[in-house]
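Reader: Before I rely on the vocabulary of a structural description, I would like to see how each term is earned. Could you take the labels in turn and set the values against the criteria?

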Amino acid sequence: MESRSACVFGIDRSLTGKAWRWRGGNMDLSERSSGLEDDIVTQLLLSRGVPREDLERHRNPSLRAFLPDPSAFRDMDAAAERMAQAVMTNETVTIYGDYDVDGATSAALLVLLLRALGHQARYYIPDRLLEGYGPSGEALVKIAGEGSSLIVTVDCGAMAHEALDMAHEAGVDVIVVDHHKCSPVLPRAAALVNPNRLDEDDLAAAHGHLAAVGVAFLLAIATVRTLRRRGYFESRREPDLFALLDLVALGTVADVAALHGLNRALVAQGLKVMAKRDNIGMSALIDASRLGRAPTCSDLGFALGPRINAGGRVGESTLGVRLLTTTDADEAKDIAAQLSRLNDERRSIEQVVQEIAEAQIDRQHNRAVIVCAGDGWHPGVIGIVAGRIKEKTGKPALVIALGADEAGNGKGSGRSIPGVDLGAAIIAAREAGLLVAGGGHAMACGLTIAPDQLEALSQWLDERLATDVSNASANRHMLLDLAVNPGGLVPSLVETLESAGPYGMGWPGPRVAVGPVRIVKADVVGADHLRLIVSGPDGSRFKAMAFRSAETEMGQALLHAAQGRKLWLAGRAKIDDWGSRPAAELHLDDAAFCD
């Protein structure tokens, strides 16, 4: 247990078992006067790793300030030249995308780019259940047989050696646009653009946090530049590449890519484009999500993204690309409604799988990586369930649907914690002969495994990752950015905090401690959400919400053991605009008793 003197407010063990520490410097405003908002933004930037001399560039992240020369990436120029050639000679081009949001937005971006260049591209999205992840050789050969002389794979292909060999034998060129981990030997392709190539130079490798849609956007820039150099725009207008940034923002956030550097600029500018609602499909998606305002970063991850994902998970894999590329408002409305229905269906399926999977956790307390497996589990929800188990246990988690293919193999999906590279471990497990297939990146992975290898994989991961998991889990802290008294939780503070966004993976949203307070009312709303009304010493009141927390130790303590006691609450400050006047509320991450 940590020294109480080193902990914020002396809290060395909160209701979630964590010590409270400052993320950056001491930002306890609870005993200070107001008027320090400008200092708050500076402190937020500094505590997220921004050098003091670089503060201005990060206050309002722009593409001009963060965009690298696309030619810095290996094979980018070759890919752009091949794309430009296809446009100028009117070749048949097919975009081959993955079935998740990153894949759908990447595919839509290139389809819309080519359309703006006067070229109608085809697209192909594999079925998650029937074809699985990544390009299959059979599909590539079929696409070639239907007339395509160029195939561009997006968000997949970096490890597709056999499939790309088959495509080469069929005489079709393949450009790979990906961001997943690569092996030392690359598959055969006309060009392979991926900042995570092991042979990348430092400048390009520094952008390894890009989602595939970010890499596709860089390819779009390079392609237009190549066409400009060839004189293609002497008689036609250049496409507005900025108009594609709403797709980049959605794919980046939904793929949980780290929101620092270029990604933060892409998302910040993409949200501005999204607010204009120029993309018919995106506009319909916003309406189907019942958002009565311009989407925020969290909306991309929790409202828009899951709907696009639902098509690939439990419905038709092409729905996302169809929606994001349609020019028909009625069609867009119908697809968006269908995706919302599929998302509801996905939630029901997910709940069943999650309950069964969580029952297996108790037997694995000593494991570094939680591995859950079951027959009949829907492969479309296992990634989400893995994420839930990771959050619940604080450890990397794999969830495997057994009997998912004709050979009886299991299809698995994994989610990791910061500091533990699960994707690299899965690639190594495949190379060690434990997996039929597998790959991914630091925070997520996918795999195919024979059922008789499950225990061997669990033991292998335990041995390989035990130290990393232990180090990542040691001295678990609840990091705070600032503290205010209850009367200081006001809408203007929320607006100040949001001005240092957008927030997400790698650029955490500011966590605010508010207190001391007493609980006036505590109840459960919805399925498992805890709602609190709390009051400060001066009588000021605000609402706090703890989502999916009613059955946790913290939730039960707040419901039954906190009456009359003083507490500090910690979480994200948000605007509650349901009432006649906007009010600030707190979305809880943690709580601690003062006495």
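Author: What follows goes through several labels for this predicted model and the values behind them.

Reader: What makes Glu-350 buried or exposed?

Author: Glu-350 has a relative accessible area of 5%, and since buried means under 20%, the residue is called buried. Glu-350 has its place in helix α15, residues 329-358, and, with residues up to four places away in sequence not counted, Glu-350 touches Val-381, Ile-384, Val-385 and Arg-388.

Reader: Which class does Lys-543 fall into, and why?

Author: Lys-543 counts as partly exposed, because its relative accessibility is 24%, whereas buried would require a value under 20% and exposed one over 50%. Lys-543 sits in strand β16, residues 541-546, and its contacts, leaving out residues up to four places away in sequence, are Arg-531, Leu-532, Ile-533, Asp-576, Glu-585 and Leu-586. The C-alpha atom of Lys-543 is separated by 29 Å from that of Lys-272, a residue 271 places apart from it along the chain.

Reader: Why is α9 described as roughly parallel or roughly antiparallel to α10?

Author: The axes of α9 and α10 (residues 245-254) come within 8 Å and cross at roughly 155 degrees. Angles over 145 degrees count as roughly antiparallel, and therefore α9 is roughly antiparallel to α10.

Reader: Which residues meet where α9 packs against α10, and how are they divided by character?

Author: From α9, Val-213, Gly-214 and Phe-217 meet Leu-245, Leu-247, Val-248, Gly-251 and Thr-252 of α10. The residues of this contact divide into five nonpolar, three polar and no charged.

Reader: What makes a set of residues a nonpolar core, and which members touch the most others in the largest one?

Author: The name applies to buried residues of the nonpolar kinds joined through side-chain atoms within 4.5 Å. The largest such core has 138 residues, of which Trp-20, Ile-95, Leu-109, Val-152, Leu-558 and Leu-569 touch the most other members. Helix α9, spanning residues 212-229, gives the most to this core, with eleven residues. Apart from it lies another core of 23 residues, including Val-369, Ile-400, Leu-402 and Leu-447. As general background, nonpolar side chains in soluble globular proteins tend to be buried together.

Reader: Which residues does Leu-569 touch?

Author: Not counting residues up to four places away in sequence, Leu-569 touches Trp-20, Val-512, Ala-513, Val-514, Val-517, Val-534, Phe-542, Ala-544, Leu-586, Leu-588, Asp-590 and Ala-591.

Reader: How do you know that β2 and β3 pair, and in which sense do they run?

Author: Two strands pair if there are at least two bridges between them, and three bridges join β2 (residues 93-97) to β3, with the strands running parallel; the criterion is therefore met. The bridge partner of Tyr-96 in β3 is Tyr-124. These strands belong to an open sheet of five strands with the order β3-β2-β4-β5-β6 and parallel pairing.

Reader: What makes β3 and β6 the edge strands of that sheet?

Author: Both β3 (122-124) and β6 (191-193) pair on one side only. Neighbouring strands of this sheet are turned by 20 degrees against each other on average, with direction ignored. Helix α6, residues 137-145, lies across β2, β3 and β4 and runs at about 160 degrees to β2.

Reader: Where is mixed pairing found?

Author: Mixed pairing is found in an open sheet of five strands ordered β7-β8-β9-β11-β10. Within this sheet, β9 (residues 410-415) and β11 (residues 444-449) pair in the antiparallel sense over six bridges, and Arg-415 stands opposite Ala-444 in β11. The strands β10 and β11 also pair in the antiparallel sense, over five bridges, and a hairpin joins them through two residues.

Reader: Why is β10 called mostly covered?

Author: Four of the five residues of β10 are buried, and buried means under 20% relative accessible area, so the description follows from that count.

Reader: How many bridges support the pairing of β15 with β14 and with β16?

Author: Strands β14 (residues 512-525) and β15 (residues 529-535) pair in the antiparallel sense over seven bridges, while β15 and β16 do so over six. In the hairpin of β14 and β15, which has three residues between the strands, Gly-526 takes a positive phi near 65 degrees.

Key
Residues numbered from 1 in each chain as written. Predicted model: local features only at pLDDT ≥ 70, side-chain atom pairs only at ≥ 80, totals over all residues. Heavy atoms only, no water. Buried < 20%, exposed > 50% of the residue type's maximum accessible area, 1.4 Å probe, protein only. Contact = heavy atoms within 4.5 Å. Axes fitted to C-alpha atoms, helices over the stretch in contact; angles between N-to-C directions. Parallel < 35°, antiparallel > 145°, perpendicular 65-115°, else oblique. Nonpolar A, V, L, I, M, F, W, Y, C, P; charged D, E, K, R; others polar.
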